[in-house]
Amino acid sequence: MRIRIVDAFTDRPFAGNPAGVLLLDAFPEDDWLQKVALEVNHAETAFAHRLPEGGEADWALRWFTPATEVAMCGHATLATAHVLRTTGAHEGPVRFATRSGVLIASPAGDGAITLDFPTAPLTAVDVPDGVARALGTEPRTAYDTGANVGDLVLELADEKTVRGLAPDHKALAAYSARGIIATARAEDPSRGYDFVSRCFFPNVGIDEDPVTGSAHTALAPCWSERLGRPDLTGLQASARSGLVRTGLRGDRTLLTGHAVTVIEGDLLV
C-alpha cells in the first residue's frame, strides 16, 4: 500500500507539521496501526478508509502518535484531506468519521484546506502549583480545554517568553491529560499573525509538536475574546513553525492551512 509523508499547515516542504497518511480498504488490528505509527515516528500517522455511500461520513479516520491513539488531530486531518484531493481519491468537501464526531475538510481554489472542528470549551482554572517551575516561567492565566483536547492552556507574559521556553518535559506531564499549550499575544501583528503558541505533549510521546491544529480549537476562543475578532491567524513557533488561520463560529472552529506532500512510497508489511 502507498504511504505518504505530508507537511501540514505550511505551503513549503520541511516546515509545518509532518504526518504519515495511509489510505486503507479497512482498519487492521490496532496493534498493527500502532506499529506503523511508531515506524513512521512523526507526531501523528493518519489511517483512513472509504465508507459506504449514503451515510453521515465519507471516510473513517483514526490518528496514532508513536505511543498511542489520540481522540483529535488537526494537522493529520489536513494532511489526509490533502492526499485525498491530490490523488483524486475524493473531490470536494470530505466528511471524516472520527472519535471526535464527524469532521469536515473543505478544499479551496488556492490549495488551502479548511477544517471544521468542535470548539474547545475553555474553563478558567488556577495555575497549578509547580507548573511555573516545570515550564520555566510564571503563567498569567490558565484554562482547561475539556476532554476532547485534553490540554492546559497557559497565557504567558509575551511572545519573547513563549519563544524562549525550555521546559522540563517530564515534569509537565503531571498537569494535563495530553499536554501544555503556551501562548501569548503577537508582539507585532504586522508580521502576519495575531498570537503565538508552542505545544508540549509528553503524555502522548511528543515533547514538542511542530504545529497543532487541535490546540487552535482552544486558542481561537481564547484570543478571539481578547482581541474582539472571530477570524485570526496563529503562529506556532516551533523549530519548523507554521501558520493556522482560525475562524470562531460558536461551538465550531474553522482551521485553515496548506499542505505539501514530501515523500511517497510503498509500505511492504
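Helices (H or I, at least four residues) and strands (E, at least two) are taken as DSSP runs and are numbered from the N terminus. The views below show a predicted model.

**Figure 1. Asp129 in the loop between E9 and helix H3 (131-135).** Asp129 is exposed, with a relative accessible area of 74%. Between the C-alpha atoms of Asp129 and Pro18 the distance in space is 34 Å, and the two are 111 residues apart in sequence.

**Figure 2. Surroundings of Thr119, in the loop between strand E8 (113-118) and strand E9 (123-125).** Thr119 counts as buried, because its relative accessibility is 17% and the limit for burial is under 20%. Its side chain makes a polar contact of 2.7 Å with the side chain of Thr253. When neighbours within four places in sequence are left aside, Thr119 is in contact with Thr217, Pro221, Leu248, Gly250, Asp251, Arg252 and Thr253. Of these partners, Thr217 and Pro221 are also among the buried residues of H6.

**Figure 3. Helix H6 (residues 216-227), a mostly covered element.** Of the 12 residues of H6, 10 are buried. They are His216, Thr217, Ala218, Leu219, Ala220, Pro221, Cys222, Trp223, Ser224 and Leu227. Gly228, just after the helix, takes a positive phi of about 75°.

**Figure 4. Strand E15 (residues 231-236) and its pairing partners.** Because 5 of its 6 residues are buried, E15 is largely enclosed by the rest of the structure. Strand E13 (residues 195-201) pairs with E15 in the parallel sense, over 3 bridges; here Ser197 stands opposite Gln236. With strand E16 (residues 242-249), E15 pairs in the antiparallel sense over 6 bridges, and Leu235 stands opposite Leu243.

**Figure 5. The turn of the E15 and E16 hairpin.** The hairpin has 5 residues between its two strands. Ser241 lies in this loop and has a phi near 65°, a positive value in a residue other than glycine. Most residues other than glycine have a negative phi. With a relative accessibility of 23%, Ser241 counts as partly exposed.

**Figure 6. Helix H1 (residues 30-40) and its buried side.** The buried residues of H1 are Leu33, Gln34, Val36, Ala37 and Val40. Around the helix axis they cover an arc of only 160°, so they lie on the same side of H1. The exposed residues Lys35 and Glu39 are carried by the face turned away from that buried side. Cover for the buried residues includes strand E1 (2-8), strand E2 (17-24), strand E3 (44-50), strand E4 (59-64) and strand E5 (69-70). Asn41 follows the helix and has a positive phi, near 60°.

**Figure 7. Phe9 in the loop between E1 and E2.** Phi of Phe9 is near 60°, which is a positive value in a residue other than glycine. Phe9 is buried, with a relative accessible area of 2%.

**Figure 8. The largest nonpolar core, with 48 residues.** The residues with the most contacts inside this core are Trp63, Leu78, Val94, Phe96, Ala105, Leu115 and Trp223. Helix H2 (residues 74-87) gives the most to the core, with 6 residues. Another core, of 19 residues, lies apart from it and includes Leu152, Leu154, Leu235 and Ala237. Leu235 of this second core is the residue that stands opposite Leu243 in E16.

**Figure 9. Contacts of Phe96.** Leaving aside neighbours within four places in sequence, Phe96 is in contact with Ala57, Trp59, Leu61, Thr77, Thr80, Ala81, Leu84, Gly101, Val102, Leu103 and Ala105. Both Phe96 and Ala105 are listed among the residues with the most contacts inside the largest nonpolar core.

**Figure 10. Cys73 and Cys199, two buried cysteines without a bond between them.** A disulfide is a covalent bond between the sulfur atoms of two cysteines. With a cut-off of 2.5 Å between cysteine sulfur atoms, the count for the model comes to 0 disulfides. The closest cysteine sulfur to that of Cys73 is in Cys199, at 11 Å, which is too far for a bond. The closest to the sulfur of Cys199 is in turn that of Cys73. Cys73 counts as buried at 2% relative accessibility, and Cys199 counts as buried at 0%.

Definitions and conventions:
Residues are numbered from 1 along each chain as its sequence is written. This is a predicted model: local features need pLDDT of at least 70, side-chain atom pairs count only at pLDDT 80 or more; totals for chains, interfaces and linings use all residues. Side-chain values use heavy atoms; hydrogens and water are left out. Buried means under 20% relative accessible area, exposed over 50%, partly exposed in between (1.4 Å probe, protein chains only). A polar contact is a pair of N or O atoms within 3.5 Å; within protein, one must be able to donate a hydrogen and the other to accept it, and residues adjacent in sequence count only if both atoms are side-chain atoms. Contact means heavy atoms within 4.5 Å. Two strands pair if DSSP finds at least two bridges between them. The arc is that of the directions from the helix axis to the C-beta atoms. A nonpolar core is a set of buried Ala, Val, Leu, Ile, Met, Phe, Trp, Tyr and Cys residues joined through side-chain atoms within 4.5 Å.
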